[in-house]
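Hi,

Here is the structure I promised to pass on. Have a look at it first, and then read on for what turned up in it.

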Amino acid sequence: MTGSRPGRRPRWRALALLVLLAGCAGTPKAPPPAQLARPTWTVGDRWVFRRTPMLTAGGPSLVVTHEVAEAGADGYTMRMSWLGQEITRYWTPDLHLREQTVGPRLLNRFDPPAMFFVWPLALGKTWEQEFDYRDGRQDGRYVNSWRVGPRVEAVSVMAGAFVALRIERLGREAQALETYWYAPAARYWVRFEDHLGRYTDELVEFGSTRS
């Protein structure tokens, strides 16, 4: 596994980011996206998405809810539910994905946990990771790489307008696996594209069940 290398960022680009932030009408306030710190989740934090199949896949839209069930020093337990189904995700404090389960059954596991985020996030940042993957069907040793887009993007979804960083997850031979737009105002992604599953998630609402 090799570490990421955040490159030096010209001063004019930092200025452009501030101009973009000021000009995005309706965008919630967010910290400067040049260096995004790791968010903190609490029990009850919830994000609701509309899942839509990509054009070639067809099928109806679904409502998918992500909710933090447990939060502690070891990380987070998140429940993903839709149409009476539920998947439990186990994240480290740095939002690296350990495993997913369906009830008592293991769905898949990453060893070491998959590094979906490397903090602080920065424009143009990249990282790569080799891990063992287990799901009982495609077990093996894999290498994934991630890259943050070169610019801040204004993303409009049903939940509103957000300033976001686009992150791409790539597999062997730079195969596109997933793309997600992380928005600091939501402390999560507001748009997600699964290129293998052929669907798109867009944020409908977010908040906390404890508020």
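A good place to start is A183, which stands opposite Y188 in strand 12. Before going further, please keep in mind that this is a predicted model.

That pairing belongs to a longer one: strand 11 and strand 12 (residues 188–194) run antiparallel and are joined over six bridges. The hairpin they form has four residues between the strands, and in it R187 takes a positive phi near 60°. On the other side of the story is strand 10 (residues 160–170), which is also antiparallel to strand 11 and joined to it by six bridges. One of the pairings there puts E168 together with T179 of strand 11. This hairpin has five residues between the strands, and E173 has the positive phi, near 55°.

How enclosed is strand 11? Seven of its eight residues are buried, so the rest of the structure largely encloses the strand. A176, which is in strand 11 (residues 176–183), counts as partly exposed because its relative accessibility is 37%, between the 20% and 50% limits. Leaving out residues up to four places away in sequence, A176 touches R169, L170 and H195. W146 is 30 residues from A176 in sequence, and the two C-alpha atoms are 10.0 Å apart.

Now for the charges. The count of salt bridges comes to 15. Among them is the one between R50 and E202, at 3.8 Å from N to O. R50 lies in strand 1 and E202 in strand 13 (residues 199–208), so this pair ties together parts that are 152 residues apart in sequence. R50 is partly exposed at 34% relative accessible area, whereas E202 is buried at 18%. Both also belong to a network of salt bridges that links R50, R191, E193 and E202.

E168, which you met above, has a salt bridge too: its side chain meets that of R147 at 2.7 Å, N to O. Since R147 is in strand 8 (residues 140–148) and E168 in strand 10, the pair ties together parts 21 residues apart in sequence. R147 counts as partly exposed at 39%, while E168 is buried at 18%. Another salt bridge joins E153 and R166, again with 2.7 Å from N to O. Here the parts tied together are strand 9 (residues 153–157), where E153 lies, and strand 10, where R166 lies, 13 residues apart in sequence. Both of these residues are buried.

Two arginines sit over rings as well. The charged end of R51 is over the ring of Y199, 4.0 Å from its centre. R191, from the network above, lies over the face of W181 at 5.5 Å from the ring centre.

Last, the aromatic pairs: a search of the whole structure finds 25. Take W41 and W91, whose ring centres are 6.3 Å apart with the planes at 85°, so the pair is edge-to-face. W41 is in the loop between helix 1 (11–23) and strand 1 (45–53) and W91 is in strand 4 (residues 85–91), so the pair ties together parts 50 residues apart in sequence. Both W41 and W91 are buried. F110 and F131 are also edge-to-face, because their planes are at 70°, with centres 5.4 Å apart. F110 is buried at 7% relative accessibility, and F131 is buried at 2%.

Cheers

Key
Residues are numbered from 1 along each chain as its sequence is written. This is a predicted model: local features need pLDDT of at least 70, side-chain atom pairs count only at pLDDT 80 or more; totals for chains, interfaces and linings use all residues. Side-chain values use heavy atoms; hydrogens and water are left out. Helices (H or I, at least four residues) and strands (E, at least two) are DSSP runs, numbered from the N terminus. Buried means under 20% relative accessible area, exposed over 50%, partly exposed in between (1.4 Å probe, protein chains only). Contact means heavy atoms within 4.5 Å. Rings of Phe, Tyr and Trp (its six-membered ring) pair if their centres lie within 6.5 Å; planes under 30 degrees apart count as stacked, over 60 as edge-to-face and the rest as tilted. A charge sits over a ring if NZ of Lys or CZ of Arg is within 6 Å of the ring centre and within 35 degrees of the ring normal. Two strands pair if DSSP finds at least two bridges between them. A salt bridge is a side-chain nitrogen of Lys or Arg within 4 Å of a carboxyl oxygen of Asp or Glu.
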